[in-house]
Amino acid sequence: MAIDRTRLRTNLEAVEERIAKACERAGRRRSEVTLVAVTKMVSPEVAALLPELGILDLGENRPQSLWHKAAMLPTEVHWHLIGHLQRNKIDKTLPMAHLIHAVDSVRLLQAIEQEAVQQRRQVSVFLEVNASGEASKQGFSPADLPGLAPILRELQHVQVRGLMTMAALQDPQACRPTFVTLRQLRDQLGLEQLSMGMSNDFEIAIEEGATFIRLGTVLFEGV
C-alpha cells in the first residue's frame, strides 16, 4: 500500500495549528510543548517520514518495537518509551530511549537505577500516575507520591523529570480534572515535566500544563 505523504503533512499541519491555539488560550509558548509522535501502529517506512517533516520525538509502547525502529531510523531521532518496561528488557532499552514515560513502581525504578549504574549512563524517566483512578490503569496512586520523595533523592543515575498519566477515554472536557490532579502532584514534588494528553484530549492537557503530548491516531489517520 502506498504511503500518502501529503496526508501526513496535512495532518501534522492541522495538529500544529491546534497545539498553537491551545497554547495561546493557556498563555503559553508553543516551545513549551513537545509533540511525541506515537508510531506503534505504523510501519518503519511511515515513521521515517516524520524526521523529514521536522518531528524528531517518536514514541513506542513496546520495547521490542522501539529497538526495531530505532535501528532503522536516523540516529538524531529521540525515542520515547511510553508503555510498560519489563525489567528483563531494561538493559537493551536504556541505550536507545531518550526518555522513559511509564515507570509505574518503585521496583522498576530501582531496577532502572541498578542497570544505569552498570552502564554508567544517566537516564531520564517519568513516574506513571493513575490520576483518573480507573481500576484498569497502571501506575502509582496519587496518595503514593508524597512518600516517594526520600526514594527519589537516593537515585544517582536516574533523573525523575516529571509525571505521566492517561485520562479516561471520554469527552475531552471531562478529562480536565485528571490533568489538574497530575499538575498539582508535579508541583508538590518539585518536578518540571508533565506527559499527558493523547489524540482525544491533547488540547485540554495543554491548557492544564502538559509539556509532552503523545499523539498517534490524529497524526496518521488516512496515511
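One aromatic pair: that is what this structure holds. The partners are phenylalanine 126 and phenylalanine 212, and their geometry is edge-to-face. Centre to centre, the rings sit 5.5 Å apart, with 65 degrees between the planes. Bear in mind that this is a predicted model.

Where in the chain do phenylalanine 126 and phenylalanine 212 come from? Phenylalanine 126 belongs to strand S5, residues 123-128. Phenylalanine 212 belongs to strand S8, residues 212-215. The two are 86 residues apart, so the pair links distant parts of the chain. Both phenylalanines are buried.

Now a polar neighbour. Glutamine 193 touches both rings' residues, Phe126 and Phe212. Its other contacts, beyond four places in sequence, are Arg161, Gly162, Leu163, Arg186 and Thr211. Glutamine 193 is in strand S7, residues 193-195. Is glutamine 193 buried or exposed? Its relative accessibility is 14%, and the cut-off for buried is under 20%. So glutamine 193 counts as buried.

Next, S8 and its partner strand. S8 pairs with S1 in the parallel sense, over four bridges. Leucine 35 has isoleucine 213 of S8 as its bridge partner. S1 also pairs with strand S2, residues 57-60. That pairing is parallel too, over two bridges. There, alanine 37 is bridged to leucine 58. Why call S1, residues 34-38, largely enclosed by the rest of the structure? Because four of its five residues are buried.

On to the nonpolar cores. The largest one has 64 residues. Ile100, Leu109, Ile112, Leu127, Leu163, Ile213 and Leu219 touch the most other members. Helix H1, residues 5-26, gives the most to this core, with six residues. Apart from it lies another core, of six residues. Phe126 is one of them, and so are Leu99, Ala102 and Met164.

Take Leu109 from the largest core. Leaving out residues up to four places away in sequence, Leu109 touches Val103, Val125, Leu127, Ile151, Leu152, Leu155, Val158 and Val160.

Leu109 is also among the buried residues of helix H6. The others are Leu108, Ala111, Ile112, Glu113 and Ala116. Note the glutamate in that list: Glu113 is buried. These buried residues pack against helix H5 (90-93), strand S4 (97-103), S5, helix H7 (149-154) and strand S6 (158-164). A general reminder here. An α-helix has 3.6 residues a turn, so residues three or four places apart point the same way.

What about the length of H6? H6 runs over residues 106-119, 14 residues. At 1.5 Å a residue, H6 should span 20 Å. Its end C-alpha atoms are 20 Å apart, which agrees.

Right after H6 comes arginine 120. Arginine 120 lies in the loop between H6 and S5. Its phi is positive, about 55 degrees, although arginine 120 is not a glycine. Most residues other than glycine have a negative phi. At 76% relative accessibility, arginine 120 counts as exposed.

Last, the whole chain. There are ten helices and eight strands. The C-alpha trace spans about 50 × 40 × 30 Å along its principal axes. For 223 residues, a compact globule would have a radius of gyration near 17 Å. The chain has 17 Å, which agrees. Buried residues make up 50% of the chain. And the contacts reach far along the sequence. Among those between residues at least 6 apart, 58% join residues at least 24 apart.

Conventions:
Residues are numbered from 1 along each chain as its sequence is written. This is a predicted model: local features need pLDDT of at least 70, side-chain atom pairs count only at pLDDT 80 or more; totals for chains, interfaces and linings use all residues. Side-chain values use heavy atoms; hydrogens and water are left out. A nonpolar core is a set of buried Ala, Val, Leu, Ile, Met, Phe, Trp, Tyr and Cys residues joined through side-chain atoms within 4.5 Å. Buried means under 20% relative accessible area, exposed over 50%, partly exposed in between (1.4 Å probe, protein chains only). Contact means heavy atoms within 4.5 Å. Rings of Phe, Tyr and Trp (its six-membered ring) pair if their centres lie within 6.5 Å; planes under 30 degrees apart count as stacked, over 60 as edge-to-face and the rest as tilted. Two strands pair if DSSP finds at least two bridges between them. The expected span of a helix is 1.5 Å times one less than its number of residues. The radius of gyration is taken over C-alpha atoms; the globule rule is 2.2 Å times the number of residues to the power 0.38.
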